[in-house]
Amino acid sequence: MKRFSVFLCLLFVFSAGAWAEPNITLVTSSPTESGGQEYSVTLKILLFMTLLTFLPAIVMMMTSFTRIVIVLSILKQALGTQQVPSSQIIIGLSLFLSLFIMMPVLERTYTDAIEPYLNEKISGEEAMAKAQIPIRKFMMEQTREADLALFSGFANKEQYKSPDEIPLSILVPSFVTSELKTAFQIGFLIFVPFVVIDLVVASILMSMGMMMLSPMLISLPFKLMLFVLVDGWSLIMTTLVASFAI
């Protein structure tokens, strides 16, 4: 305990000395050719670490993750399996499938924005502007015009001259709404054959007078057998990837 106290005292002394060092500059800025301001690396790291807290929201709201995780969740309910596959497996599969679908967008973002910025060929503002282009293009291709018109009306901005003029405050909720609609449409098509199996099994049990036996107990093996025989996982993955037209 005594050694630990001495260690804390030394750590406090060295830390105080480091903060008292007059030659350490936390934030610096310099003018750019375009008239803007270029900030120091220390501040850029701070901003980058702050933006990381918004990464989950960006993944859910601006990528293919929403559609995939909803479809897989509906598939789980249609099969009637309560714990298989688990929520962790569904989220992990959705994340890596989203990474596969978004790879062309990520590659273009890296080539056009991140790599030139790391090589100090463009400023941070130019990198942010160029990084939005492929992401905006992806979202525009998946967004319905009716949803864009809906949120544009909410913002009292009915018309835009080009898609580039649509702000993210309108594009993102329009994209998410379109993704929800598409996900539920795909989920409905997945749910129908399993509902038919449940109805057939329930009718057979009723006709045999076995009303005390749960239809789910009998229909579950048939639904699993049907899903395996038609290679259901491959069909689901193919449908999801094809729905984004990559």
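Trainee: Which residues of helix 6 are buried?

Mentor: This is a predicted model. Here, buried means under 20% relative accessible area. In helix 6, the residues that count as buried are Ala127, Ala131, Pro134, Arg136, Phe138, Met139 and Gln142.

Trainee: What covers the buried residues of helix 6?

Mentor: Contact means heavy atoms within 4.5 Å. The cover of those buried residues includes elements from several parts of the chain: helix 3 (55–62), helix 4 (65–79), helix 5 (87–118), helix 8 and helix 10 (232–243).

Trainee: How far apart are the end C-alpha atoms of helix 6, and what span should its residues give?

Mentor: Helix 6 covers residues 124–142, which makes 19 residues. At 1.5 Å a residue, the expected span is 27 Å. The computed end-to-end distance agrees with this, as the end C-alpha atoms are 28 Å apart.

Trainee: Where in helix 6 does a kink lie?

Mentor: The kink in helix 6 amounts to about 25°. A proline, Pro134, follows shortly after the site. The residue at the kink is isoleucine 133.

Trainee: Is threonine 182 buried or exposed?

Mentor: Threonine 182 belongs to helix 8. The relative accessible area of threonine 182 is 13%. Because the cut-off for burial is under 20%, threonine 182 is buried.

Trainee: Which residues does threonine 182 touch, leaving out those up to four places away in sequence?

Mentor: One partner lies 115 residues away in sequence, namely arginine 67, with a C-alpha to C-alpha distance of 7.2 Å from threonine 182. With residues up to four places away left out, threonine 182 touches Arg67 and Arg144.

Trainee: Why does valine 196 count as partly exposed?

Mentor: Valine 196 is found in helix 8, which comprises residues 168–207. Partly exposed residues fall between the cut-offs of 20% and 50% relative accessible area. Valine 196 is partly exposed because its relative accessibility is 43%.

Trainee: What is the area of the nonpolar surface patch that includes Val196?

Mentor: Val196 shares this patch with Phe188, Leu189, Val192, Val200, Ile204, Met208 and Met210. Together these residues make a nonpolar surface patch of about 750 Å².

Trainee: What percentage of the exposed area of the protein chain do carbon and sulfur atoms supply?

Mentor: The chain has 246 residues, of which 30% are buried. The protein chain exposes about 16,700 Å². Of that area, carbon and sulfur atoms supply 71%.

Trainee: How many helices and strands are there in the protein chain?

Mentor: From the N terminus on, the elements run α-β-β-α-α-α-α-α-α-α-α-α. The protein chain therefore has, by DSSP runs, 10 helices and two strands.

Terms used
Residues are numbered from 1 along each chain as its sequence is written. This is a predicted model: local features need pLDDT of at least 70, side-chain atom pairs count only at pLDDT 80 or more; totals for chains, interfaces and linings use all residues. Side-chain values use heavy atoms; hydrogens and water are left out. Patches are made of residues with over 30% relative accessible area and no salt bridge: like charges are joined within 9 Å, nonpolar side chains (Val, Leu, Ile, Met, Phe, Trp, Tyr) within 5 Å. Accessible areas come from the Shrake-Rupley method with a 1.4 Å probe; for residues, only the protein chains shown count as cover. A salt bridge is a side-chain nitrogen of Lys or Arg within 4 Å of a carboxyl oxygen of Asp or Glu. Helices (H or I, at least four residues) and strands (E, at least two) are DSSP runs, numbered from the N terminus. Buried means under 20% relative accessible area, exposed over 50%, partly exposed in between (1.4 Å probe, protein chains only). The expected span of a helix is 1.5 Å times one less than its number of residues. The bend at a residue is the angle between axes fitted to the seven residues ending there and the seven starting there.
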